[in-house]
Amino acid sequence: MTDKVVLIDGNSILYRAFFALPLLNNDKGVYTNAVYGFTTMLLKILEEEKPSHMLVAFDAGKTTFRHKTYTEYKGGRQKTPSELSEQFPLVKELLSAFQIKHYELDQYEADDIIGTLSKHAKSEDMKVKVISGDRDLLQLVQKDVEVALTKKGISNVETYTPSFLEEKLGIRPDQVIDMKALMGDPSDNIPGVPGVGEKTAVKLLQQYETLEGIYENLEQVSGKKLKEKLEQHKEDAFMSKELVTIQTATPVDISFKDITYTGYESRKVLELFKELGFHSLLNRIEGESGTEEQQEIFEDIKLTIVDNVTADLFTGKDAIMLEMLDDHYFYGNILGIAIVNEKGKFFIETNIALGSEIFKKWAEDEQQEKYLYDAKKTIVALKRQGVHLKGVVFDLFLTTYILNPAENNLDIPSISRRLNEKSMPYDEEIYGKGAKQKIPELDVLADHVVRKADIIYQLKDKVTEQLKENDQYELFEKLELPLSEILGEMEYYGVKVDKDRLLHMGEELKDRLKTLENEVFALAGEEFNLNSPKQLGQILFEKMNLPVIKKTKTGYSTSAEVLEQLQDKHEIMPKILLYRQLGKLQSTYIEGLLKVVDEKNNRIHTRFNQALTQTGRLSSTDPNLQNIPIRLEEGRKIRQAFVPSKEDWVIFAGDYSQIELRVLAHIAGDEKLIEAFNEDMDIHTKTAMDVFKVEAEEVTSNMRRQAKAVNFGIVYGISDYGLSQSLGITRKEAKMFIERYLDSFPGVRAYMEDIVQEAKQKGYVTTLMNRRRYLPDITSRNFNLRSFAERTAMNTPIQGSAADIIKKAMIDLAKRLDDEGMEAELLLQVHDELILEAPKNEIDKLKDVVLDVMENAVELAVPLKVDFSYGPTWFDAK
DNA sequence: ACTGGCACGC
DNA sequence: GACGTACGTGCCAGTG
């Protein structure tokens with residue numbers, strides 16, 4: 001058996017753990033969060049790697065040989081916070097309890113120690129695994145040397161083998177140094193070549209292999225600016241290379257004999273855990289000997305390509321993966337279908353599956369349980385083919401999102417790497433990307449799709465378990481999963497569009513835009529591209545010499561805010577503003593919508609993304625029907641083009657009135673706010689009365705406007721800066737408004753304070769229905785990051801609970817419409833409103849049903865109020 | 001193909 | 001006291 005040596009970058013892991021975890025302290029008031037994180041990581045490694053040798057390397061002292069090369073090395077870096085530095089001795093204590101050696105070497109960093117030892121190990125034919133949070137270490141990757149980098153948090157790692165590194169970075173391990181030399185590293189104050197980021201560096205290295213190669217062929221490098229930059233910063237680049245190169249010949253004076261790992265004494269470890277207050281880890285020690293996790297990385301899988309679907313293929317507990325390249329499932333082709341169950345792994349070609357009555361019968365049988373990835377997509381895609389999928393009980397896509405909405409790699413290979421520690425190829429590797437995308441040979445395709453289904457099958461129990469642990473299973477089973485079915489129906493049904501109306505409006509706009517454009521050119525004295533902020537900026541601020549109000553990264557700002565401030569300086573302003581407004585309508589809403597009208601039925605089929613937002617809201621794409629204009633009359637007319645799909649039908653809208661503030665009243669339990677809603681007061685007027693300490697009759701429209709902005713700020717979690725911007729007042733004044741608001745509603749103040757504390761302690765906040773949002777930055781020492789996390793902590797339960805409520809209402813409404821045998825159809829959800837279409841003769845009943853369902857979706861300490869309206873177009877439903 | 005500026009909704 | 005400051009989607013210009 002080959003020996004396996006695990007080398008841990010102690011400093012890096014501790015830093016990661018410190019910043020990833022809330023600042024916990026034990027009962028003695030000693031901070032332990034970093035040690036805790038380090039320990040969980042350590043336990044995981046011991047279980048999984050079963051190392052024969054182990055060492056934790058630390059950085060020594062303040063200066064290293066690198067400072068001789070470059071005195072600015074690691075300059076500008078913030079001092080290690082004392083809350084962290086005091087944890088270093090604890091970790092060393094921990095290591096000695098585990099009987100793991102640690103080591104540091106004067107003048108060298110942990111990297112160098114690890115580099116040197118991994119080289120020694122190589123010559124002794126040992127396998128090496130390096131654990132760090134520092135991407136620099138990737139340069140050590142080679143055959144038999146794997147580097148595991150911490151991802152989010154600490155126990156989540158991504159293991160780089162040479163092939164994985166190449167696939168992920170686009171370069172070979174030996175080119176990592178060159179890449180770093182080009183890119184630089186602000187956190188270590190390594191200069192690199194300015195203007196060269198990851199993309200450019202990779203491109204250059206793919207072409208010229210090494211830094212030296214690039215400079216030898218500098219003449220051929222494309223891009224004038226790039227060439228200049230490279231030339232100017234040649235010295236920096238080479239010095240950077242020297243700095244980032246890990247030394248593999250340091251005078252390390254330990255041998256592998258010294259770092260043999262033979263296990264630890266449970267008693268000692270348990271004692272220390274108790275002392276540190278790591279109660280939750282105690283059982284991990286006792287269970288130590290019993291756990292056996294097999295690792296099957298890139299193991300071949302056995303699958304059958306089915307050419308005749310038979311009933312005994314299915315078990316009633318099957319994972320099904322429907323593969324489709326185009327993420328626009330309304331138009332994409334189904335590439336094939338994989339089924340995995342306890343009997344085996346199967347692949348069925350699309351036409352065989354769809355042509356099979358047995359397949360169809362199974363798919364439509366509610367009793368046959370199915371585990372999916374993205375049920376909505378699958379349901380819609382199959383519905384197009386006349387198959388009505390039923391019996392979905394698990395959706396890996398939705399559940400992964402529920403477990404952590406911040407995770408944005410929700411594709412199956414990524415999920416598998418995170419949760420299952422098994423690798424499978426990414427879609428890009430199988431299908432290619434962009435113009436080069438193509439469908440592979442049947443056996444390759446089958447293998448890929450089956451792997452996905454297999455992962456769904458394998459992870460179903462584990463993920464369900466995690467949901468239950470978090471008390472989130474109900475959120476999945478009772479809310480998100482049934483909702484996905486309803487959303488699928490809405491998408492499939494679509495919204496009817498009056499194309500002629502859009503075309504007509506487009507014609508009109510075209511003329512007005514042309515006229516406006518000419519007027520602007522006349523006033524400017526020349527023609528230019530009015531759609532280019534850059535060119536407009538030059539005209540306004542260079543040619544016309546108007547005062548510069550605000551700059552952007554790349555030049556002058558020409559935003560509406562700026563142009564409005566210049567209104568009285570020049571008559572050109574209103575024309576530009578109007579041009580912008582109309583241009584937006586033309587390009588996004590007229591042309592944009594026309595482009596996505598389904599030729600077959602004149603309907604638009606948006607898609608709702610149910611697994612994207614951090615708060616639990618939905619989003620809508622292709623097109624986005626959640627941002628159709630309403631504020632300005634001109635834009636609002638776009639809504640005239642959204643019409644019922646049948647004659648004598650109407651568009652019906654039901655919208656929650658002030659749902660977020662009502663939710664706030666409920667969660668905060670603020671008596672005054674609750675009373676205001678119980679008495680059905682105008683909430684902005686009420687807020688104005690309290691903030692300005694006046695009677696109802698004395699509230700001026702301006703006071704109400706300001707109060708409204710404050711409420712807006714509360715709902716969306718904006719800062720004093722944000723409020724000052726929206727009201728055009730100073731930050732101080734904005735801050736004062738917020739203070740006065742909180743004085744007026746003490747229950748709200750208490751909530752805001754409590755929720756931040758709770759977030760600090762738990763690391764996350766939750767909504768009414770137990771949706772979570774993790775807030776790692778809540779303990780950050782960076783004021784901005786921390787403030788942002790604090791506002792998020794206050795806001796997410798409000799916005800997220802409102803999202804929960806309307807989702808619940810949608811499920812209830814769909815059921816009710818069905819139960820009552822009504823014809824009305826849900827069309828859209830726009831965060832606090834539901835849009836339906838219905839026959840005229842159903843309006844009275846629909847009104848009762850919608851109001852009843854929406855107002856009673858949940859019971860809060862305040863009533864939920866719903867307004868409704870209807871008319872021949874969406875425009876009229878106001 | 002990617003980034004930045006801008007603008008629309010909640 | 002400053003680092004940038006609700007969440008989304010999509011359009012255009014500009015660059016490579």
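Q: How many salt bridges does a search of the whole structure find, and what makes a pair a salt bridge?
A: The search finds 46. A pair qualifies when a side-chain nitrogen of Lys or Arg is within 4 Å of a carboxyl oxygen of Asp or Glu. Behind this is a simple idea: side chains of opposite charge can pair when their charged atoms come close. Please keep in mind that this is a predicted model, in which local features need pLDDT of at least 70 and side-chain atom pairs count only at pLDDT 80 or more, while totals for chains, interfaces and linings use all residues. Residues are numbered from 1 along each chain as its sequence is written, chains are lettered from A and ligands numbered from 1 in the order in which they are written, and side-chain values use heavy atoms, with hydrogens and water left out.

Q: Why is the pair Lys452 and Glu323 called a salt bridge?
A: The closest N and O atoms of Lys452 and Glu323 are 3.0 Å apart. That is within 4 Å, so the pair meets the definition.

Q: What does the pair of Lys452 and Glu323 tie together?
A: Lys452 lies in helix α21 and Glu323 in strand β8 (residues 317-324), so the salt bridge joins parts that are 129 residues apart in sequence. Helix α21 covers residues 442-469. Helices (H or I, at least four residues) and strands (E, at least two) are DSSP runs, numbered from the N terminus.

Q: Is Lys452 buried or exposed, and how do you know?
A: Lys452 has a relative accessible area of 4%. Buried means under 20%, exposed over 50% and partly exposed in between (1.4 Å probe, protein chains only), so Lys452 is buried. Its partner Glu323 is buried as well.

Q: Which residues does Lys452 touch, and what makes a contact?
A: Contact means heavy atoms within 4.5 Å. Leaving out residues up to four places away in sequence, Lys452 touches Met321, Glu323, Ile412, Met424 and Asp427.

Q: What makes Arg607 and Asp622 a salt bridge, and where do the two residues lie?
A: The closest N and O atoms of Arg607 and Asp622 are 2.4 Å apart, which is within the limit, so this is a salt bridge. Arg607 lies in strand β18 (residues 607-609) and Asp622 in the loop between β19 (619-621) and α27 (633-636), so parts 15 residues apart in sequence are tied together. Arg607, at 8%, is buried, whereas Asp622, at 38%, is partly exposed.

Q: Why do Asp720 and Arg731 count as a salt bridge?
A: The side chains of Asp720 and Arg731 meet at 3.5 Å, N to O, so the definition is met here too. Asp720 lies in helix α32 (residues 720-727) and Arg731 in helix α33 (residues 731-744), so the pair links parts eleven residues apart in sequence. Asp720 is buried at 15%, and Arg731 is partly exposed at 45%.

Q: Which residues are linked in a network of salt bridges?
A: The network links Glu480, Arg771, Asp804 and Lys807.

Q: What makes a patch, and how does Glu485 fit the area rule?
A: Patches are made of residues with over 30% relative accessible area and no salt bridge; like charges are joined within 9 Å, and nonpolar side chains (Val, Leu, Ile, Met, Phe, Trp, Tyr) within 5 Å. Glu485, in helix α22 (residues 473-493), has 32%, so it clears the area limit. A negative surface patch gathers Glu366, Glu485, Glu489, Asp818, Glu823 and Glu825. Asp and Glu count as negative, Lys and Arg as positive, and His and the chain ends are not counted. Each charge is placed at NZ of Lys, CZ of Arg, CG of Asp or CD of Glu.

Q: Which residues form the positive surface patch, and what does helix α11 give?
A: Lys224, Lys225, Lys229 and Lys534 form this patch. Helix α11 (residues 224-232) gives the most, with three residues. Lys224, found in that helix, has a relative accessible area of 70%, so it is exposed.

Q: Why is Tyr426 called buried?
A: Tyr426 has 16% relative accessibility, which is under 20%, so it counts as buried. Tyr426 lies in the loop between α19 (412-420) and α20 (427-431), and its contacts beyond four places in sequence include Glu158, Phe164 and His448.

Note on methods:
Areas by Shrake-Rupley, 256 points an atom, 1.4 Å probe, with all protein chains shown as cover.
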